[in-house]
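User: I would like a close look at one part of this model, the enclosed space inside it and what surrounds that space. Please follow the surrounding elements outward as far as is useful.

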Amino acid sequence: MRIAIFGSGGVGGYHGARLAHAGHDVTFIARGPHLEAMHEAGLEVESVKGDIHIDAVQATDDPADVGSVDVVLVATKTYHLDQAAEQMRPLITADTLVLPLLNGVEVAGQLSAALPEARVLGGVTYINSLIERPGKIFHRGGPEPDIVFGPISGEPGARVEALLSALQGSGISTELSTDIETALWLKFVVVVAFGGVGAVTRAPVGVTVSQPETRAMLAAVIQEGCAVAAARGITLPSNMVDTIPHRLESLPAAATASMHRDIIAGRPSELEAWIGAVVHLGAEVGVDTPTSRFIYHSLLPQDRRAHGEIEFPT
């Protein structure tokens, strides 16, 4: 298949490298030192599933250089999504599949509105990977499967089945979901609680799950997320308030979510697409989300400063 990886960091770089190593025609859309390193020395992946090195990497910062593709795998940050959708237009035809692997339940709808000629799928990834240095991806692993994806509506069809085959044939554990909306919400509720409570308390997961007060905050955010999902027609397991904290206990005690790390470092974060989405999606359907709203409002000033929307006086 002819595949473009739009956003070649830990998620996009890892999956793109696996696909390229398996013989697919893969082009990485990247920028800055990471792009320069790929041009100079290729793309290296250090992985618990086996290391690989792609010597002759096809990579560019201009999608117009690539032309149309069969699949665009999108792995940007959510706050770059509008810009990414505009930039990826040269890659798109009526036969192109777009598979976003971002954390958020509004991503597929956002891309569908921006790219009506493409077929946008829903997708979730569970891998733990990052850019260790320009040109190198470090993949720590993660729960199986690596990717869950599927059509937002209708049957999968031959193109979706071909993508499934390409991913699985590249050593990427992949599941085709018949209910991708529920799969999206299942992960969303986890990352919102993990990231939101961690960011507002500045504490790693080992602390937030062990202290009764912060564990209660986790439970409240999970309950609110499930209530919003239910009001929007998504039925999640009734025991998530109990099971998610137990799942978080299995993580390394020092683990933090990407939103937490970004906020601590003063970088732009995905606050709006994570806990902000729980608040505004809940408001749309009349579900009150007081704990999520408190966390969201508490983090907003720093996030707006990081995005250049406000300045703090000195």
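Analyst: The lining of the largest cavity is made up of four nonpolar residues, three polar residues and one charged residue. This is a predicted model, and every value below is computed from it. The residues around the largest cavity are Leu 102, Asn 103, Gly 104, Gly 123, Val 124, Leu 184, Lys 187 and Phe 188. The volume enclosed is about 40 Å³. When the whole structure is searched, one cavity of 30 Å³ or more turns up. Rolling a probe the size of a water molecule over the atoms shows where such empty space is left.

Two elements, strand S8 (119-125) and H6, each give at least two residues to the lining of the largest cavity. H6 has the largest share, with three residues. That makes H6 a reasonable element to follow outward.

Helix H6 spans residues 180-201 and packs on helix H9, residues 240-249. Two packed helices are described by the angle between their axes and the distance between the axes. For H6 and H9 the angle is about 65 degrees and the axes are 11 Å apart. The crossing of H6 past H9 is right-handed. On the H6 side the contact is made by Leu 186, Val 189, Val 190 and Phe 194, and on the H9 side by Met 240, Ile 244, Arg 247 and Leu 248. By class, the residues in this contact of H6 with H9 are seven nonpolar, no polar and one charged.

H6 also packs on helix H8, residues 212-231, where the two axes come within 9 Å and cross at roughly 145 degrees. The H6 and H8 crossing is likewise right-handed. From H6, the residues that meet H8 are Trp 185, Val 189, Val 192, Ala 193, Phe 194, Val 197, Val 200 and Thr 201. Their partners in H8 are Thr 214, Met 217, Leu 218, Val 221, Ile 222, Gly 225, Cys 226, Val 228 and Ala 229. The residues of this contact of H6 with H8 comprise 14 nonpolar, three polar and no charged. Val 189 and Phe 194 of H6 appear in the contact with H9 and also in the contact with H8.

Past the end of H6, Arg 202 sits in the loop that leads to helix H7 (205-208). Its phi angle is near 60 degrees, a positive value in a residue that is not glycine. Arg 202 counts as partly exposed because its relative accessibility is 41%, between the limits of 20% and 50%.

From H8 the path continues to Thr 289, a residue in the loop between helix H11 (275-284) and H12. Outside its neighbours within four places in sequence, Thr 289 touches Glu 224, Val 228, Val 278 and Val 279. Val 228 is one of the H8 residues that meet H6, and Val 228 is therefore a link from Thr 289 back to the helix pair in this model, given that contact means heavy atoms within 4.5 Å. Thr 289 has a relative accessibility of 1% and so counts as buried. Between the C-alpha atoms of Thr 289 and Gln 223 the distance is 9.0 Å, although the two are 66 residues apart in sequence.

H12 (290-306), together with helix H4 (107-114), brings the account to an open space: each of the two supplies at least two residues of the lining of the second largest pocket. This pocket holds about 260 Å³ of space. Its lining has 17 residues, and those closest to its centre are Thr 78, Tyr 79, Glu 270, Glu 272 and Ala 273. By class the lining of the second largest pocket has six nonpolar, five polar and six charged residues.

Two further residues can be added for reference. Val 45, in strand S3 (residues 43-47), has 1% relative accessibility and so counts as buried. Beyond its neighbours within four places in sequence, Val 45 is in contact with Tyr 14, Ala 17, Asp 51, Ile 52 and Ile 137. Val 69 belongs to the loop between strand S5 (58-60) and strand S6 (71-74), and counts as buried because its relative accessibility is 5%. With neighbours within four places in sequence left aside, the contacts of Val 69 are Arg 2, Ile 3, Ala 4, Leu 91 and Thr 96.

Terms used. Residues numbered from 1 in each chain as written. Predicted model: local features only at pLDDT ≥ 70, side-chain atom pairs only at ≥ 80, totals over all residues. Heavy atoms only, no water. 1 Å grid on protein atoms, 1.4 Å probe; cavity = no way out; pocket = protein on both sides within 12 Å on 5 of 7 lines; lining within 4 Å. Points joined across faces, edges and corners; volume = space filled by probe spheres on them. Helix = DSSP H or I, 4+ residues; strand = E, 2+ residues; numbered from the N terminus. Nonpolar A, V, L, I, M, F, W, Y, C, P; charged D, E, K, R; others polar. Axes fitted to C-alpha atoms, helices over the stretch in contact; angles between N-to-C directions. Left-handed = near helix turned anticlockwise from the far one by under 90°. Buried < 20%, exposed > 50% of the residue type's maximum accessible area, 1.4 Å probe, protein only.
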